Protein chains: 2
Amino acid sequence: MTSLDILLRPRSVAMIGASGDVTRIGGRALRHLKEVGFAGDIFPVNPGRDEVQGLKAYAGVDDIPGRIDCAVLALPTGAVLPAIEACARKGVGGAVIFSAGFAEMGEQGVLLQQRMVDIANAAGMRLLGPNCLGMYNLHAKSFLSFSGIFDDVKGTAGRLGLVSQSGGYAGEVVKSAQEVGLNFGVWITTGNEADVGLGEAMHHMAMSDDVDVVVGYIEGVRDRQSFFDGLAAAHARRKPVVVLKVGRTEQGAKAAASHTASLAGSDVVYDAVFERYGVYRARTTEEMLDVAYAASRGHFPRGRRLAILTNSGGIGVQAADFAADEGLAVPTASAAVQTRLIEISPNGAPFNPIDLTGQVANDPPMYARAIDVVLESAEFDCAYVNVGLIAGLPFIKRPLLDSLKAVAKRFADVPMAASVTADAETLAEYGEAGFLCYREPARAIKTLAALASFPLAWDRDLPDASDLTGLPTLERGTALSEAASKAMLAGIGIPSPAEHLVQDPADAEAAAMSIGCNVAIKVVSPDILHKTEIGGVALGIDPKDAAATLEAMVGKVTASMPDARIEGYLVSPMITGGTECIVGVHTDPLLGPVIMFGLGGVTVELLKDVTMRLAPVTEDQAMDMIRSVRSFPLLDGFRGRAKADVVALAQAISALSRLAAANAETVRTIEVNPLLVLDKGNGILALDAVIET
Amino acid sequence: MTSLDILLRPRSVAMIGASGDVTRIGGRALRHLKEVGFAGDIFPVNPGRDEVQGLKAYAGVDDIPGRIDCAVLALPTGAVLPAIEACARKGVGGAVIFSAGFAEMGEQGVLLQQRMVDIANAAGMRLLGPNCLGMYNLHAKSFLSFSGIFDDVKGTAGRLGLVSQSGGYAGEVVKSAQEVGLNFGVWITTGNEADVGLGEAMHHMAMSDDVDVVVGYIEGVRDRQSFFDGLAAAHARRKPVVVLKVGRTEQGAKAAASHTASLAGSDVVYDAVFERYGVYRARTTEEMLDVAYAASRGHFPRGRRLAILTNSGGIGVQAADFAADEGLAVPTASAAVQTRLIEISPNGAPFNPIDLTGQVANDPPMYARAIDVVLESAEFDCAYVNVGLIAGLPFIKRPLLDSLKAVAKRFADVPMAASVTADAETLAEYGEAGFLCYREPARAIKTLAALASFPLAWDRDLPDASDLTGLPTLERGTALSEAASKAMLAGIGIPSPAEHLVQDPADAEAAAMSIGCNVAIKVVSPDILHKTEIGGVALGIDPKDAAATLEAMVGKVTASMPDARIEGYLVSPMITGGTECIVGVHTDPLLGPVIMFGLGGVTVELLKDVTMRLAPVTEDQAMDMIRSVRSFPLLDGFRGRAKADVVALAQAISALSRLAAANAETVRTIEVNPLLVLDKGNGILALDAVIET
């Protein structure tokens, strides 16, 4: 049960603006509701008619006897507010508003929409829309949409649920799904999201026993917390979530900005969200449906080891390529398994890809026998079988299908996919036999890889807010100086080189002498963020030159920025060796703080070799981040270098991410650049740092 | 006409090993040939029968009266050689050998196969196979394959041609194509390629008027020259070539190595080959067929500017993403076009994506009117239309289809693709109306991008061998010293810093003094390739220290490599500034010399930010190479740097590639690393170079 049940499982519906003409919005919606077999009361509201489509009609909501769970508003824009007021008076539980002309139309519409929300909130009434295509829940035989596509849709209560921020696209998805035999049992279009938004709708589906897989279409999230809550609920129940989020590319984001009024947020930050919650992000509708279909079967590989079985060496090689594309391993079968495979196919290749050769056509159950050997070994987590064109050939099809069905039943919890070169009916038969079936081998393998991604994410705990205690507090609207930033970092376990804040040349020389090696000298001021440009940085200074250097620096700095508040000058040792990295925090206005890691220099700035996660991350997750950049070998002994202290680096990344998460509402950016990672066992040093709120 | 016509357009066929049992190889092949309606003579050869499948049979080839263009050998391995000998005696034009048991079986088989080739060569007889599934040419009603799949294949003489190095996969392709209504008119499986190989088969199709698009499946090329000749013929005739080459990934290459006996060659070098000849490389069978189908229509965009027309904003954004994925631009429509689009769709978005809104359902010809405006403007090279689920709706389908058909006819030479959410029949109707039709928008857009790639390559001249005169000759089996390498580079216009070859400390000092700045000193010896390791390099030496430095170096070098032939020591100026690049040549044992370019340091070694082309390249192509690396901005003024002399760099790349191409048979590697690119107008300097043959 969620608070959306009143909309998705209503016991009575008032259809405001009901029409006898089924080509009109209020007529078509009523017809759909009647035809789906809704079991509760239906109250058409139409002041000009006593009866609509054979049902008694009422002049207004107030005239309806008894309780109304859900009201549907199919009205001109101007008539919506009075109807909402009437619903509020009547104590209606929730309203679905088809009508457009609100927030999507600019400032006036925003005000109108806000008024509607205020009335609903005061009355405890939930709203879907406005400017939406409505929703349906075939499990409750409730159908509250006027979309024309449902005129030729037979409502089969499938186990997939769709939440879409586009009504038109939501219709396309249902229709595309039907073309491949898939059915959405619950379907919600959120429109302007005046009240119920994407996140709450996803949360409902995550909690609903009617939905096995939550499918989402996202243009831009409006409410971070409810979005995260919805995804967390699905994560907790190990329910797969598959989304298509548009605006992946700069060109797409530009198109999205002109299409949707909602804040888009940074697309890479969405990726960080999906990574945390284990959401599968599809690139195309086809891929989204492929993965949703596969996930709805409820079995997921325990790892990423794929067995490839083929009757054509060429397709075996292709499959190995596709597996590499998707990050699936194709390990060679053990000697014991190879021995048994050679018994089954003496002229085949028993390694992996396992090639049983064209001989399968003469002895179709060979495939099943080989699968049996392969899966019994527990050396593989999933299997791909190239059935190919023999799938539908006379004399072959029946023994092949029967034997495959038996072995699929025996290993029902191990996902198996097949490529089948045949017509749709034959494909469906192999599907019913227990295989995920596609014509194109690449799709079969991509889907197996998608399935493998879910349990990895579900097995990982989500961050716990109660772990974020005892961290420093960042006030809003400040920019900490380098010294203050470093002091704060030191407090969370990120050290900086020993350094001395001095005020004059004599102190500078004394400090440099005490350090005992060449030093760096930098001005310290909350007003100066770009020190180098104004001559506020001197590097590699011999201690005996420290006094003169400081004197010259004071002159340059005061000449450039006479009004800057100068806290002093920092004298610190020149550090040599180690690898320069960048660790940063950036707060997305929509999705909150993210933690970023990359190696210094052009790898980050130019080659975008950087990784990003939602803050906070654990040390284990930080280690994953470190290992995920392409330039990681530079920290890992590349070409005879010393190995770097990645353990200390992971600790620093995690600590910084926790600082950011604890201050999610105030932090803007934190940049530790460079963060010097010393040789293994020697830790890290923050050489420069800026914290801004 | 090509020399393969004897196999692909035979006037008479001897079927050696013909059988009355149509489930056996020699029986099935004969049946196929009869059923396809072959118009020439068919001579079954079977020593035990007077008649086979109603045709007079002969005891041996020698007994057949009259000329035999083509013999088909469906025989046990042991019977093949005697039959080949008989065919040679008889003067048969060509033979197709189904039988396996030759080179694919190891050393013995290789010898047997070579014997067969020798006999055929001596007799001027061409061979296809052995170990192949044969070939067909429906345009000549010739069908010489025993593959079981053709039992239920109706031979439609489509305009696509397939050459495949895998027989099994070639069958899958034909069957997959049929499922989507495509037909291959000519089909060749090359098997062991004892004589006719991939390249010659592709060349035949490039020259054949029966084939509009050449489709190839490649595991590994055996004969570079015929492969290049085949691709060059297609390039010259502007005939599209679409291939699937397996072993793209390390995992796939490993699988390929165990599957095929042929040398694989480096996969990235194949990409360089495809780049030169404008071959489209597909990743999947589906993509290969999508592009082949689209290319067979014979119209190609003149540029990469895509117009996106949609009735759903969400799909418009997706389409913009897909276009970015494929490198298509989505430019905003001009003000004039926007004005006319607003007249058509007052509430739509006239930019690009052009969103006509759901209003299209009420006025289906809106799409055609908008396409008319868009294409008449000449602001776009191709168009994508999201028809979606309205495609098949009653009352909409007819006016929509009729109007789209009319506009497609008007702009018949502009490729247009559509996504259609409907059944296969409806898809086909929109296809016949002139649109490339797919269910998934991503496929529609990928195909348009593929089409756009062809004319770009066709418009580029292929390299002309006669341009490669006057270049230095590299003898086989030598490793040039740094000095000799630099001297050779200087001869082709790639300068090195002024430098002096000296023999003793006094000369070193004199040379350094004459240079007048800090110098580098390096040992010069054809026996020492890794100079640094043995103390043979000293950098940043003050001229007054040159004598002492040389003395020390002589000691170290002679201690480490007492037997090395020392030509002397190179004294050269220390150069500062500029950007270090790497330009190299690597000769692939299979595909010949390639030229490689990247920026120095980790970008090449670790991040693989390097580009490669087949040698030679023109200066224009070299400029494309320079611009194609991700780190190019470092040469182009990134963050306030000076712009580098990329013109001189392009000249150097082109010159080096020509040197390599002129010495294709001997050169092994050339590495100019670093090649220092100075500021614009200041040229380049080869700081180190190694040439090995």
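This note covers the fold of chain A, the contact between chains A and B, their symmetry, and one residue, Leu456(A), in a predicted model.

1. **Chain A overall.** Chain A has 693 residues, and 59% of them count as buried. Its secondary structure comprises 22 helices and 30 strands. Along the principal axes, the C-alpha atoms fill a box of roughly 100 × 80 × 40 Å.

2. **Contact order in chain A.** Take the contacts between residues at least 6 apart in sequence. Of these, 71% join residues at least 24 apart.

3. **Extent of the interface.** How many residues of each chain are in contact with the other? The count is 70 residues of chain B and 70 residues of chain A. Together the two chains bury about 5,400 Å². Carbon and sulfur atoms account for 59% of that area.

4. **Polar and charged pairs.** Between chain B and chain A there are 26 residue pairs in polar contact, both residues being at pLDDT 80 or more. The interface also holds 6 salt bridges by the rule applied. One salt bridge joins Arg248(B) to Asp325(A). Their closest N and O atoms are 2.7 Å apart.

5. **What chain B brings to the contact.** Several elements of chain B give two or more residues to the side that touches chain A. Among them are the helices α5 (167-179), α8 (250-259), α10 (285-295) and α16 (441-458), and the strand β17 (382-388). The largest share comes from α11(B), with 11 residues. By residue class, this side of chain B divides into 30 nonpolar, 20 polar and 20 charged.

6. **Symmetry.** Which operation lays chain B on chain A? A turn of 180° with a shift of 0.2 Å along the axis does so, at an RMSD of 0.2 Å. The two copies are therefore related as by a two-fold rotation axis. Within chain B, Thr603(B) has the C-alpha nearest the axis, at 3.9 Å. Both copies use the same surface: 100% of the contact residues of chain B recur in chain A.

7. **Leu456(A).** This residue lies in helix α16 of chain A, which spans residues 441-458. Is Leu456(A) buried, partly exposed or exposed? Its relative accessible area is 47%. The buried class ends at 20% and the exposed class starts over 50%, so Leu456(A) is partly exposed. Leu456(A) and Phe300(A) are 156 residues apart in sequence. In space, their C-alpha atoms are 10.0 Å apart.

How values were computed: Residues numbered from 1 in each chain as written. Chains lettered and ligands numbered in written order. Predicted model: local features only at pLDDT ≥ 70, side-chain atom pairs only at ≥ 80, totals over all residues. Heavy atoms only, no water. Helix = DSSP H or I, 4+ residues; strand = E, 2+ residues; numbered from the N terminus. Buried < 20%, exposed > 50% of the residue type's maximum accessible area, 1.4 Å probe, protein only. Contact = heavy atoms within 4.5 Å. Buried area = accessible area lost by both parts, 1.4 Å probe. Salt bridge = Lys/Arg side-chain N within 4 Å of Asp/Glu carboxyl O. Polar contact = N/O pair within 3.5 Å; in protein donor to acceptor, adjacent residues only side chain to side chain. Nonpolar A, V, L, I, M, F, W, Y, C, P; charged D, E, K, R; others polar. Least-squares fit on C-alpha atoms with pLDDT ≥ 70 in both.
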